[in-house]
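I sat down with this structure and kept a few notes as I went. Here they are, for anyone opening it for the first time.

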Amino acid sequence: MIVAGIDIGSRAAKAAIIKDGTILATTICDTGPESIKTAHATINAALEGTGLTLDDIDYTVATGYGRVLVPFARENVSEISCHARGINWYHPSVRTILDMGGQDCKAIRCDAEGHVTDFVMNDKCAGGTGRFLEMIADVLNAPLAEIGDLALQSKETIPFNTICAVFAKTEAIARLRQGVNRSDILAGLNEAIATRCLNLLKRVSIEKDFTITGGIAKNSGMVAKIAEKVGLEPLLAEDPQIIGALGAALFAQEKYLGKETEEAAKVQYGYNDGTGDYFITINLGSCDGCGECVSACPEGIFEVFQEDGHQPKARVTEASRKRLSILCPGYHSCSSEHRTNCLSICQQNAISLTW
Ligand code: SF4
Ligand code: SF4
């Protein structure tokens, strides 16, 4: 059995090939302007030297920004699910993931099987993303691959008040003109980004063990600052950048064997206390993003979100997550007070409550 996962990110495209349960090949390429060409180039690069061709691959799953445009993929799975599944291969004890990609940052919580149990993402601001670091490397006239080690040489961290890409660039240029060391500027930016990452992680609650995935996990200076802020040494994978592709390949393996589990596509929001578990679960696999639950819920608990180029999905609003025990009286109370509620309105049966 030969399966493949392909992760078309905004900056880099990755592929992983698994043969009979063992990783046969992985590769990382630049994402080009055309997703279809990028997908073919990436899988061909991964196949190079294996003696295999695309026709030998039994099942391919795509993930990432360009996942819907991979012509040879049989299915696509969100990168959130793939990162959780991929890291579970290397470190099954990991429960908290910080995925730092080319243009967004995600904090993910997962269970012992690598199923996502919660996530939040920062896709509004470039700070802490690959795009941001490329811009800073450019301003400092330093190779991108070297800015991690450069930051570690800092003797005095320069405080940055913002990681807004525009203001941070202006501030970095001003500091350079004042004669401040590049390493001190980088350390300051890493400090600001790490603080922001810590806040993102706190929103899903930080549990041991903790990891960082994505290309930025190869930046030693950034990893050190995040470890310092979080107070935990991350368990890193051999190559943190291929974790999404590896997760996609593991989904491909399960799907080929007919073993895929529904849990992989579900996200839970809620809490447990001494009286039991109280969770709203949304099956992202079946949710079509129609938004009916948003209108039906009298408490405004749901919203529909959309990752760039992907199908919209429902989620529980951030404000509601912290107050679910107060806001949601559960299906039975809610249905007695209102003609409709989230469960009865959802045509896809994508919502379940454990009240
Ligand atoms: S009603 Fe159901 S299918 Fe529609 S957005 Fe809400 S959860 Fe998704
Ligand atoms: S049961 Fe009622 S209050 Fe609770 S999430 Fe559903 S619609 Fe909203």
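The entries below cover two ligands, then several helices, and the model they come from is a predicted one.

**Entry 1: ligand 1.** Which residues sit closest to ligand 1? I looked up its surroundings and found 15 residues around it, the closest being Cys287, Cys290, Cys293, Ala314 and Cys346. I then sorted this shell by class and got 10 nonpolar, 3 polar and 2 charged residues.

**Entry 2: ligand 2.** I did the same for ligand 2, which is surrounded by 12 residues. Here the closest are Cys297, Cys328, Cys334, Asn341 and Cys342. By class, I noted 9 nonpolar residues, 2 polar and 1 charged around ligand 2. Which helix gives the largest share of this shell? I found that helix α12, residues 330-337, does, with 3 residues.

**Entry 3: helix α2.** Next I turned to helix α2, which runs over residues 79-90 and has 12 residues. From its first C-alpha to its last I noted 17 Å, close to the expected 16 Å. Is α2 mostly covered or mostly open? It is mostly covered, as 10 of its 12 residues are buried. Among the buried ones I wrote down Glu79, Cys82, His83, Arg85 and Asn88.

**Entry 4: α6 and α7.** I wanted to see how helix α6 (residues 182-202) lies against helix α7 (residues 220-230). Their axes come within 8 Å and cross at roughly 50°. That angle makes α6 oblique to α7. I also noted that α6 passes α7 in a right-handed crossing.

**Entry 5: helix α8.** How far apart should the ends of α8 be, with its 14 residues? At 1.5 Å a residue the span should be 20 Å, and the end C-alpha atoms are indeed 20 Å apart, so the two agree. I counted 11 of the 14 residues as buried, so α8 is largely enclosed by the rest of the structure. The buried stretch includes Ile243, Leu246, Leu250, Phe251 and Gln253.

**Entry 6: tyrosine 256.** Tyrosine 256 is found in α8, which covers residues 243-256. Why is tyrosine 256 partly exposed? I found 18 other C-beta atoms within 10 Å of tyrosine 256, and a residue needs 20 or more to count as buried but 12 or fewer to count as exposed, so tyrosine 256 falls in between. Last, I looked up valine 3: in sequence, valine 3 and tyrosine 256 are 253 residues apart, yet in space their C-alpha atoms are 8.0 Å apart.

Key. Residues numbered from 1 in each chain as written. Chains lettered and ligands numbered in written order. Predicted model: local features only at pLDDT ≥ 70, side-chain atom pairs only at ≥ 80, totals over all residues. Near = placed C-beta within 6 Å. Nonpolar A, V, L, I, M, F, W, Y, C, P; charged D, E, K, R; others polar. Helix = DSSP H or I, 4+ residues; strand = E, 2+ residues; numbered from the N terminus. Expected span 1.5 Å × (residues − 1). Axes fitted to C-alpha atoms, helices over the stretch in contact; angles between N-to-C directions. Parallel < 35°, antiparallel > 145°, perpendicular 65-115°, else oblique. Left-handed = near helix turned anticlockwise from the far one by under 90°.
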